[in-house]
Amino acid sequence: GTSGTSGSNGITGAGGTAGSSGTSGLNGTFFGSKYSHIVNPATGLGLSERLQTSVVTTSATTADAMATALCVMGETKARALLATRPEINAQITSVQPNGQPRTWESAGFARLTSAS
């Protein structure tokens with residue numbers, strides 16, 4: 001169960017604070033391409049890759065911000081960053097070109113979910 005909610009999008013519980021972000025609903029169309037509501041600051045456009053991230057850490061603000069940042073980075077760069085930040089536990093689910101989901105979890109996230 002959860003013990004309460006934070007001021008951001010995170011949820012506080014026994015294992016830390018969780019935040020999630022994702023682009024599963026590519027709901028904007030611009031010149032024939034679909035984009036999400038999450039904007040890539042490098043391009044000024046919404047993300048077009050379908051990605052969902054969940055983060056568990058000690059701070060609601062960090063969990064919320066990191067979940068969105070990991071989406072913007074994309075799976076490869078996100079995984080590289082997470083390798084240097086063991087205090088941030090994350091799950092990344094991407095949709096492959098064949099339409100099938102692929103899920104990756106950091107070692108810490110895997111430990112959190114196997115403990116339940």
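Here is a quick tour of the core, one helix, the strands around it and the salt bridges. Keep in mind that this is a predicted model. The largest nonpolar core has 15 residues, and the structure holds three salt bridges. Glu-75 is a good residue to follow: this buried residue of H2 is joined with Arg-79 and Arg-102 in one salt-bridge network.

**The nonpolar core**

- Val-55, Leu-70, Leu-82 and Ile-92 have the most contacts inside the largest nonpolar core.
- Four elements each give two or more residues to this core: strand E6 (51–57), helix H1 (60–73), helix H2 (75–83) and strand E7 (89–95).
- H1 puts in the largest share, five residues.
- Take Leu-70 as an example: leaving out residues up to four places away in sequence, Leu-70 touches Leu-51, Thr-53, Val-55, Ala-78, Leu-81, Leu-82 and Ala-90.

**Helix H2 and its two sides**

- Glu-75, Ala-78 and Leu-82 are the buried residues of H2.
- These three sit on the same side of H2, because they cover an arc of only 65 degrees around the axis.
- Flip to the other side of H2 and you find Thr-76, Lys-77 and Ala-83 exposed.
- As for what the buried residues of H2 pack against, the partners are E6, H1, E7 and strand E8 (101–105).

**Strands E6, E7 and E8**

- E7 is mostly covered, with five of its seven residues buried.
- On one pairing, E7 meets E6 in the antiparallel sense over six bridges, and Leu-51 has Ser-94 in E7 as its bridge partner.
- E7 is also joined to E8, again antiparallel, by five bridges; here Gln-91 stands opposite Glu-105 in E8.
- E7 and E8 make a hairpin with five residues between them, and Gly-99 in the turn has a positive phi of about 90 degrees.

**Ser-94, a buried polar residue in E7**

- Ser-94 lies in strand E7 and counts as buried because its relative accessibility is 2%, against a cut-off of under 20%.
- The Ser-94 side chain makes a polar contact of 3.0 Å with the side chain of Glu-75.
- Setting aside neighbours within four places in sequence, Ser-94 is in contact with Arg-50, Leu-51, Glu-75, Gln-100, Pro-101 and Arg-102.

**Salt bridges**

- Glu-75 pairs with Arg-79, with the closest N and O atoms 3.5 Å apart. Both residues lie in H2, four residues apart, or about one turn of the helix.
- Glu-75 also pairs with Arg-102, where the closest N and O atoms are 2.7 Å apart. Arg-102 is in strand E8 and Glu-75 in helix H2, so this pair ties together parts that are 27 residues apart in sequence.
- Buried or exposed? Glu-75 counts as buried at 8% relative accessibility, whereas Arg-79 at 36% counts as partly exposed, and so does Arg-102 at 40%.
- Another salt bridge links Arg-85 and Glu-87, whose closest N and O atoms are 2.6 Å apart. Arg-85 is partly exposed, at 30% relative accessible area, and Glu-87 is partly exposed at 40%.
- Shared partners join Glu-75, Arg-79 and Arg-102 into one network of salt bridges.

Methods. Residues numbered from 1 in each chain as written. Predicted model: local features only at pLDDT ≥ 70, side-chain atom pairs only at ≥ 80, totals over all residues. Heavy atoms only, no water. Core = buried A, V, L, I, M, F, W, Y, C linked by side-chain atoms within 4.5 Å. Buried < 20%, exposed > 50% of the residue type's maximum accessible area, 1.4 Å probe, protein only. Contact = heavy atoms within 4.5 Å. Polar contact = N/O pair within 3.5 Å; in protein donor to acceptor, adjacent residues only side chain to side chain. Arc of directions from axis to C-beta. Pairing = 2+ DSSP bridges. Salt bridge = Lys/Arg side-chain N within 4 Å of Asp/Glu carboxyl O.
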